[in-house]
Amino acid sequence: MSGRLPPALERALALFDEPPSTPPDTTRGYLDLIGAHGSPPSGVAQALMSTRAVPVVYERWWRPLWSWVAKGGPAGPSMADEHRIVREQLALTQGHTVLDMACGPGNFSRGLARVVGDSGLVLGFDASTSMLDKAVQETDESNVAYLRADATALPLRAGCCDAVCCFAALNMFADPMAALDQMVRVMAPGGRLVIFTTCQPAGGSPALRQLLRRTSGMWLFGRTELTDALRERGLCEVGQRVAGFTQFVWGRVPEPAP
């Protein structure tokens, strides 16, 4: 494949656990490891992400409006705050490799690419072809590689990423804990993780969680469900910030003792 792919896609392939058995389709500007055999959407929310219309309005209208409401209106953190929280919690430097899980149209991938510089690499994973089409169209940064793959079966080798983020997506995965396992697996010692997702308000009814899951396919995570999950997977420096029906959670993979 050497010489036939953009440099960022070549660099992404070098991080795979095993080379693809057949050359992946790159005709749309990203590595497609799913093709026509992807899993059906987990619910209405995820199905909307695969339409042609939502990616067009996602970054400017859909995502800010949804987040504004879910985070509690003007009292909650803004989109600019989200980008700041990603940068601060991931503590990125030049040369880092970052996984942007469920990258959508690349609204975070592009900013991360500018932070890690030409020597770094951002891997934007998503399962939606329409989202990835938009991401490729909007991205000028040469150190971003977009890939279409299953979040619960990432092709990357263990420990190859210095940082991982997953914003406004974990709640739409059919099996979020399996996806979390994959995120932790690919993180290097000292690597940092930050997630923005749903959170059940204090005193909320379990019936609300069941109703949301049944009607939309979305998870409403319990107040300590994800922080407990990060600790169970061995992460340290685990933290959380709750805003309305949302939360930011983060943690770091411990480094080996000297």
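Exposed here means over 50% relative accessible area, and buried means under 20%, with partly exposed in between. These legends walk through close-up views of a predicted model.

**View A. A nonpolar patch sits on the surface around Val 56.** By the cut-off above, Val 56 counts as exposed because its relative accessibility is 56%. Val 56 belongs to helix 3. Together with Val 57, Trp 61 and Trp 62, Val 56 makes up a nonpolar surface patch, and the four share about 400 Å² of accessible area.

**View B. Arg 63 and Glu 82 meet in a salt bridge.** Side chains of opposite charge can pair when their charged atoms come close. In this view the N to O distance between the side chains of Arg 63 and Glu 82 is 2.4 Å. Arg 63 sits in helix 3 (residues 53-70) and Glu 82 in helix 4 (residues 79-90), so their pairing ties together parts that are 19 residues apart in sequence. Are the two partners buried or exposed? Both Arg 63 and Glu 82 are buried. The structure as a whole holds 12 salt bridges, and further examples appear in Views C and E.

**View C. Glu 82 also forms a salt bridge with Lys 71.** Here the closest N and O atoms are 2.6 Å apart. Lys 71 is found in the loop between helix 3 and helix 4, while Glu 82 lies in helix 4, so this pair ties together parts that are 11 residues apart in sequence. The relative accessible area of Glu 82 is 0%, so Glu 82 is buried. Lys 71 is buried too, with a relative accessible area of 3%.

**View D. Met 79 touches residues that also feature in other views.** Met 79 is part of helix 4. Leaving aside residues up to four places away in sequence, Met 79 touches Arg 63, Pro 64, Ser 67, Lys 71 and Phe 108. Two of these names will be familiar from the salt bridges: Arg 63, which pairs with Glu 82, and Lys 71, which pairs with Glu 82 as well. For a sense of scale, the C-alpha atoms of Met 79 and Trp 68 are separated by 8.5 Å, with the two residues 11 residues apart along the chain.

**View E. Arg 114 and Glu 141 form a salt bridge.** The closest N and O atoms of this pair are 2.7 Å apart. Where do Arg 114 and Glu 141 lie? Arg 114 is in helix 5 (residues 109-116), and Glu 141 is in the loop between helix 6 (129-138) and strand 4 (144-148), so the pair ties together parts that are 27 residues apart in sequence. Arg 114 counts as exposed because its relative accessibility is 55%. Elsewhere, salt bridges that share partners join Arg 192, Glu 237, Arg 252 and Glu 255 into one network.

**View F. Asn 143 is a buried loop residue.** Like Glu 141 in View E, Asn 143 is found in the loop between helix 6 and strand 4. Asn 143 counts as buried because its relative accessibility is 4%. Not counting residues up to four places away in sequence, Asn 143 touches Ala 8, Arg 11, Ala 113, Val 116, Gly 117, Asp 118, Gly 120, Leu 121 and Val 122.

**View G. Trp 66 and Phe 196 form an edge-to-face aromatic pair.** The structure contains 5 aromatic pairs. In the one shown, the rings of Trp 66 and Phe 196 lie 6.3 Å apart, centre to centre, with 75° between the planes. Trp 66 is in helix 3 and Phe 196 in strand 6 (residues 187-198), so this pair ties together parts that are 130 residues apart in sequence. Which of the two is buried, and which is partly exposed? Trp 66 counts as partly exposed, at 29% relative accessibility, whereas Phe 196 counts as buried, at 0%. Ring pairs link Trp 66 and Phe 196 with Phe 108, Phe 167 and Phe 248 into a cluster. Phe 108 is also one of the residues that Met 79 touches in View D.

**View H. Cys 161 and Cys 236 are shown without disulfides.** How many disulfides does the whole structure contain? A search finds 0. For Cys 161, the nearest cysteine sulfur is that of Cys 160, 3.8 Å away. A disulfide needs sulfur atoms within 2.5 Å, so Cys 161 and Cys 160 do not count as one. Cys 161 is buried, with 0% relative accessibility. For Cys 236, the nearest cysteine sulfur is that of Cys 161, 18 Å away. Cys 236 counts as partly exposed, at 23% relative accessibility.

Conventions
Residues numbered from 1 in each chain as written. Predicted model: local features only at pLDDT ≥ 70, side-chain atom pairs only at ≥ 80, totals over all residues. Heavy atoms only, no water. Helix = DSSP H or I, 4+ residues; strand = E, 2+ residues; numbered from the N terminus. Buried < 20%, exposed > 50% of the residue type's maximum accessible area, 1.4 Å probe, protein only. Patch = residues over 30% accessible without salt bridge, like charges linked within 9 Å, V, L, I, M, F, W, Y side chains within 5 Å. Areas by Shrake-Rupley, 256 points an atom, 1.4 Å probe, with all protein chains shown as cover. Phe/Tyr/Trp six-rings, centres within 6.5 Å; stacked < 30°, edge-to-face > 60°. Contact = heavy atoms within 4.5 Å.
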